[in-house]
Amino acid sequence: MSRAKVYLSGLLVAVVAGSAWLLLSDPKGGEGEGRGMSAITVRAVPAEKRQFADIVEAIGTARSKESVVLMSRVSETVSKVLFDDGQLVKEGQLLVKLTDDEEKAAIEEAGAYLREAQQQYERVTDLVRRGNASTATLDNAKRQLDEAQARLDGAKARLNDRRIEAPFDGILGLRQVSEGSLITTTTPITTIDQIDVMRVDFSVPERFIAALKPGQSVDARVEAYRGETFSGKVTTVNSRVDPISRTIIVRAELDNKDLRLRPGMLMTVELTSRTWDGIAVPEEAVVPTAGKDYVFVVENGISNRKEVTLGLRRPGYVEITSGLEEGALVVTEGTLRLGNADVPVRLLGQSTGAEAGSNTVEAAQ
């Protein structure tokens, strides 16, 4: 036999053997499906019940709960400055004293008039009791006593106008005055902000009005502290919708006891409008085909394709609103090797769901 004939005979045997192997190993080979099929190795995880949430994202500006520019009620010379830049102060703490010698003298004078009027009133009262003075005389003495008291109160008020105190607990800004300088009623002395609780106002489209209410959770982030989230609650929903932008202003308060947030910071706010429980599967388990969505479910070692309806998405997960039950084992790796019909499969690294991550899946709007 020539070498060519030997070579052709060997080649023919190899082709026939290869074809037979393909027919036996191909799940679609042969006439009867399921007969002679080898199991396809896949990875699968159970569909789990998770919490989904509608999240409204917005941009807002941080504001202090209370904020004031401190100014004097009178024009006068600064006598003492009793604070430093950025100092934490308590309500009623004295910050600035203005020259008040004249007011102190006025108080002494008003006090002397008051003491004299009080003594005169007591003498007239005794005379009236004895019948030696008329009631009109007593009324006149009482009027003089009231005038003396009002004069003293006015003098004290003028003295208090020369004492600049903290209106509430807070942190001071930069000092704008010095001792000896003359200030007027329009001269800014410093600022004070109450920042242990911060407010943030942000605009929400009017279509979410029905879902807005005080007490809803808010998460905020700022560029200065990347990766950190500041939590708070909605306190107020504005009573009016802007007719131009068709949005409504929502105000939330954030805890800031560490005083890291400052007024004026740009904040990215996420408002959770509603939450619900739904069935979640990894995104890679969903196979879109011809405008429909499918998952492969493993039952008794056999995978079969099921059409499902998708809900909200979150990176890594997707909600299944219909077509799948909780606990169903869905294929996440190896879906491309599975056909439309039932196919025997072998599970590799079967997950119990613990490695699926957090129990909360949120859907951003």
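Strands, like helices, are runs assigned by DSSP and numbered from the N terminus; a strand is a run of E with at least two residues. With that in hand, here is a set of close-up views of this predicted model.

**View 1. Val331 sits in strand β18.** Strand β18 covers residues 329–333, and Val331 is one of them. Buried or exposed: how does Val331 count at its relative accessibility? Val331 counts as buried because its relative accessibility is 0%, and the cut-off for buried is under 20%. Setting aside residues up to four places away in sequence, the side to look at holds Val42, Arg43 and Ala44, together with Ala285, Phe296, Val298 and Leu338, which Val331 touches. Look also for Val286, which is 45 residues from Val331 along the chain, yet the two C-alpha atoms are separated by 8.8 Å.

**View 2. The whole protein, as a setting for the close-ups.** The protein has three helices and 20 strands. Of its 365 residues, 36% are buried. Among contacts with a separation of 6 or more, 76% are between residues 24 or more positions apart. The accessible surface comes to about 21,600 Å², and carbon and sulfur atoms account for 50% of that surface.

**View 3. An open sheet of four strands.** Follow the strands in the order β6-β5-β3-β8: they form an open sheet with antiparallel pairing. Its edge strands are β6 (163–165) and β8 (182–183), each of which pairs on one side only. Strand β3, residues 76–81, is joined to β8 by two bridges, and the two strands run antiparallel. To find your place in this pair, start from Thr77, which stands opposite Leu182 in β8.

**View 4. Glu76, a buried residue of strand β3.** Glu76 belongs to strand β3. Its relative accessible area is 19%, so Glu76 is buried; the cut-off for that class is under 20%. Which residues is Glu76 in contact with, leaving aside its neighbours within four places in sequence? They are Leu98, Thr99, Arg162, Ser181, Leu182 and Ile183. Leu182 also appears in the previous view, as the residue opposite Thr77.

**View 5. Helix α3 and its buried residues.** Helix α3 runs over residues 135–160, which makes 26 residues. At 1.5 Å a residue the helix should span 38 Å, and the C-alpha atoms at its ends are indeed 38 Å apart, so the two values agree. The buried residues of α3 include four leucines, Leu138, Leu145, Leu152 and Leu159, and three alanines, Ala141, Ala148 and Ala155. An α-helix has 3.6 residues a turn, so residues three or four places apart point the same way. Helix α2 (101–130) and strand β6 are among the elements that cover the buried residues of α3.

**View 6. Strand β19 and two of its partners.** Strand β19 is made of residues 343–347, and three bridges join it in parallel to strand β1, residues 40–46. One place to find this pairing is Ile40, whose bridge partner in β19 is Val345. Strand β16, residues 302–314, pairs with β19 over two bridges in the antiparallel sense. Here the residues to pick out are Ile302 and its bridge partner in β19, Pro344.

**View 7. Two loop residues with positive phi.** Arg246 has a phi near 55°, a positive value in a residue other than glycine. Arg246 lies in the loop between β11 (230–241) and β12 (247–255), and its relative accessible area of 46% makes Arg246 partly exposed. Ala290 is not a glycine either, yet has a positive phi of about 50°. Ala290 is found in the loop between β14 (287–289) and β15 (292–299). With a relative accessibility of 79%, Ala290 counts as exposed, because the cut-off for exposed is over 50%.

**View 8. The largest pocket and its lining.** The largest pocket has a volume of about 200 Å³. Which strand gives the most to its lining? That is β9, with four residues. At least two lining residues come from each of β4 (88–89), β7 (170–172) and β9 (188–205). The residues to find around the largest pocket are Leu88, Val89, Lys90, Asp169, Gly170, Ile171, Asp193, Gln194, Ile195, Asp196 and Leu259.

Note on methods
Residues are numbered from 1 along each chain as its sequence is written. This is a predicted model: local features need pLDDT of at least 70, side-chain atom pairs count only at pLDDT 80 or more; totals for chains, interfaces and linings use all residues. Side-chain values use heavy atoms; hydrogens and water are left out. Two strands pair if DSSP finds at least two bridges between them. The expected span of a helix is 1.5 Å times one less than its number of residues. Buried means under 20% relative accessible area, exposed over 50%, partly exposed in between (1.4 Å probe, protein chains only). Contact means heavy atoms within 4.5 Å. Accessible areas come from the Shrake-Rupley method with a 1.4 Å probe; for residues, only the protein chains shown count as cover. On a 1 Å grid over the protein atoms alone, a cavity is a set of points where a 1.4 Å probe fits but cannot get out, and a pocket is an open set with protein on both sides within 12 Å along at least five of seven lines; lining residues have an atom within 4 Å of a point. Grid points are joined across faces, edges and corners, and a volume is the space filled by probe spheres set on the points.
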